[in-house]
Amino acid sequence: KHMIGDLMSEEIITVSQAAKLLHVTEQTVRAGCRRGELPGVHVGRRWLLYAEKLKAMLKGEVSSDVAR
């Protein structure tokens, strides 16, 4: 589980920013977060994603199941 400290110490991006980075729709990003395939945290009604973990996934440095 992610803690508030994680949110304060890591670069956080929105679903919209992640969708642009991944070249997918916002709906696809939210679904990936719900399934645990993308490194995000649900805060209220919003998903926030960990930018560095997402970029590492794109580079193939981290698999989706350990990026959470």
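In what order do the three strands of the open sheet lie? In this predicted model, the order is β1-β3-β2, and the pairing is antiparallel. The strands β1 (12-14) and β2 (40-43) form the edges, each of them pairing on one side only, and from one strand to the next the twist averages 35°. Between β1 and strand β3 (residues 46-50) the antiparallel pairing runs over three bridges, and within this part of the sheet I13 stands opposite L49 in β3.

Two helices can then be placed against the sheet. Helix α3 packs on it by touching β2 and β3, and the direction of α3 makes about 80° with that of β3. Helix α4 (residues 51-59) also packs on the sheet, but through contacts with β1 and β3, and its direction makes about 65° with that of β3.

From here the reader can turn to the interior. The largest nonpolar core has 12 residues, among them I13, V15, V29, W47, L49 and L54, and the elements that give two or more residues to this core are α2 (15-22), α3, β3 and α4. V15 offers one view of these surroundings: leaving aside residues up to four places away in sequence, V15 touches E26, V29, R30, W47 and L49. In α4, the residues A51, L54, A56 and M57 are buried, and what covers the buried residues of this helix includes β1, α2 and β3. Just after α4, G60 takes a positive phi of about 85°.

Closer to the start of the chain, E10 is found in the loop between α1 and β1. Is E10 buried, partly exposed or exposed? Its relative accessible area is 23%, and because buried means under 20% and exposed over 50%, E10 counts as partly exposed. Not counting residues up to four places away in sequence, E10 touches Y50 and K53; the C-alpha atoms of E10 and K53 are separated by 9.4 Å, although these two residues stand 43 residues apart along the chain.

How much confidence the prediction carries should be kept in mind throughout. The chain averages a pLDDT of 84, with 76% of the residues scoring at least 70. Among the elements of the chain, helix α3 (residues 26-34) has the highest mean pLDDT, 97, whereas helix α1 (residues 4-9) has the lowest, 58. Where pLDDT is low, the predicted coordinates should not be read in detail.

Technical notes:
Residues numbered from 1 in each chain as written. Predicted model: local features only at pLDDT ≥ 70, side-chain atom pairs only at ≥ 80, totals over all residues. Heavy atoms only, no water. pLDDT = per-residue confidence, 0-100. Helix = DSSP H or I, 4+ residues; strand = E, 2+ residues; numbered from the N terminus. Pairing = 2+ DSSP bridges. Axes fitted to C-alpha atoms, helices over the stretch in contact; angles between N-to-C directions. Contact = heavy atoms within 4.5 Å. Core = buried A, V, L, I, M, F, W, Y, C linked by side-chain atoms within 4.5 Å. Buried < 20%, exposed > 50% of the residue type's maximum accessible area, 1.4 Å probe, protein only.
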